[in-house]
Amino acid sequence: MLQEFIGLMSPKTKSLKVLYSLVRKHGGIRINELVDLSGYKHSTCSRLVEELVQTGLIYDSGLGETKVGRRPALYMIKPDSHYLIGVEISSLFIVVLLLDLNLQVLDEVKFKVNSNSTPEMTLSMVSDIIEQMLLRHHVPQGKLLGIGVGAISPLDWEQGVILLNDFLSEGLNKLNIIEALEQRFHTVVLLDNGANLAALGEYRSKYWRETDNLVYTSSGIGVRSGIILQGQVVGSRLDMDESFGHITVDVHGRKCSCGAYGCLEAYSSFPAVREELIRRIKRGKSSALQTMSLQADDIQFHHILDALTLGDPLCTDVVRDAAYYYGIGLANLIHLIRPDIVIVGGGLGGNITFYEMASETVQERIKHYKNYQVQIIRASSGYNAVAVGAGCMVFDYFLEERTIHATLETNDHTEDIKQ
C-alpha cells in the first residue's frame, strides 16, 4: 500500500498517508494524540487507523499503560511490511545494506573499490549482492520499496550517472547506476550525494523527534557536510557537499587543491594530515610509524589511525592540530546556520582524539553566546550513515514529507473524510 502514496490520490488515501507518517515519527502513539496532531475527528481517525492496521502497515504494540480499565493502544509502523536497500559508493569502498522501515540494518556487505574493475563489473557486483540479500531474507519483489544510492560527487543528476572524481576508482567512472538497478530489480532507484544522505540517515534514525535543524560533517579523504534545516535536506542537487572543506580558516595558510589558500581541507583532511606527518618525520621527528618498517612516503591512512590507537605523540599532535582547524570551521558554520546538533563523522572525524579537540575548539569559540546550546556529537553509525540515509531517502520519497506537512496545514479539520 505504501506504493499508493505516490502520485494522484483520493482524499482518503492522503489522510491515510498523513496518519501513517505521524505514526512513523511519533510511534508508539495513541489515537487521542493522532487526533490532536492531525485535526481529524476521533471517529474518522479511529476508522482510518484501523484500516492501516488491517493492511499491515501499522500495529498495536501492546505497550500502553493505564492504572485502571482497558490498556490503550499504542500504534507503531510495522517495520517488516516493506524493506529498503541502501548503497554507499565512496572513494575507498562500497557498502550495501538491507534495512527494515525502522532503518534497522538486517544485512550488510562491504567491499573495497578495485581500480581494475570496469563500471559494468562494479554494477554487476552490487546487483548480485542485493539479489543475494533479498533471497537470504525471503524478501519478495512486492516488499522491496526501493533502492537508494549515496555516492561521492560529482553526479550527473539528469542521467543518474556517477562521474569520475580525482579520488574515485576508474571502475566507477560514468557509472549509470540508476538505469542498471531499475532494469534489474524493477523498483524505484534514487541517487544523492553521500554527505546529504549521511545527514538524513542520522536525522531520521536518531534525532528528528528532538530537532529539525542538524548538520552532519565528515572529515576523511575530503571534508564534506550535509545540512538539515526545518526537517529538509538543504541544497540536495547542487553538488556542493565539498563546500565546507573550502571555507577559509587561515587567510595566509597552506595552498589547497582547489587553488585557494587556507581552506579547511588543506588542514583537516586525511591527505593534509598525511602530508604534514611526512613533512615532520623527514625533518627528524620520531614516530611509532617508523617502528612499522615504513618509509615516510609509504605511510597510508590506516597506518596513521593505528599509530593514534597506540598513542603515538607525533601522530597525536598532527591530528590535534588538524582538529583545531576543523573546530574553527565548525564554529564558522554554527555561527551562520545555528543548528541544534552538529555531528562529526568520517574516517578522521570519527576518531576520538580528533573529535574531542574539534569539540573543545567549537565550545571555546561560541562561548560568547551563553544562551545558545549546541550539541557536538561524534557520529555513532560509523561508515554506514550514508547507506542508511540512502535507504531512508526511498522511504521519504513515498511519504513525500513536504506534501504531508502542506496537507496538515491546509486540511479542513471540521469535515469528515469521506469513504
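Analyst: Two strands pair if DSSP finds at least two bridges between them; strands (E, at least two residues) and helices (H or I, at least four) are DSSP runs numbered from the N terminus. This is a predicted model, where local features need pLDDT of at least 70, side-chain atom pairs count only at 80 or more, and totals for chains, interfaces and linings use all residues. Residues count from 1 along each chain as written, and side-chain values use heavy atoms, without hydrogens and water.

User: Which residue stands opposite Gln-232 in β13?

Analyst: Leu-229 does. Strand β12 (residues 223-229) pairs with β13 in the antiparallel sense, over 2 bridges.

User: What is the strand order of the open sheet with β13?

Analyst: β13-β12-β11-β14-β15, with mixed pairing. β13 (232-233) and β15 (375-378) are the edge strands, each pairing on one side only.

User: Which strands does helix α11 touch?

Analyst: Contact means heavy atoms within 4.5 Å. Helix α11 (residues 352-365) packs on that sheet, against β11, β14 and β15.

User: Why do β5 and β10 each have one side without a neighbour?

Analyst: Their open sheet runs β5-β4-β3-β6-β10, also with mixed pairing. β5 (105-112) and β10 (188-193) are at its edges with a single partner strand each, so one side of each stays without a neighbour in the sheet. Further in, β3 (residues 83-89) and β6 (residues 144-151) run parallel, joined by 7 bridges; Tyr-83 has Leu-144 of β6 as its bridge partner.

User: Where does pLDDT stay under 50?

Analyst: pLDDT is the predictor's confidence in each residue, from 0 to 100. The protein's mean is 85, with 84% of residues at 70 or more, but residues 402-419 stay under 50. Where pLDDT is low, don't read the predicted coordinates in detail.

Definitions and conventions: Axes are lines fitted to C-alpha atoms, for helices over the stretch in contact, and angles run from 0 to 180 degrees between N-to-C directions.
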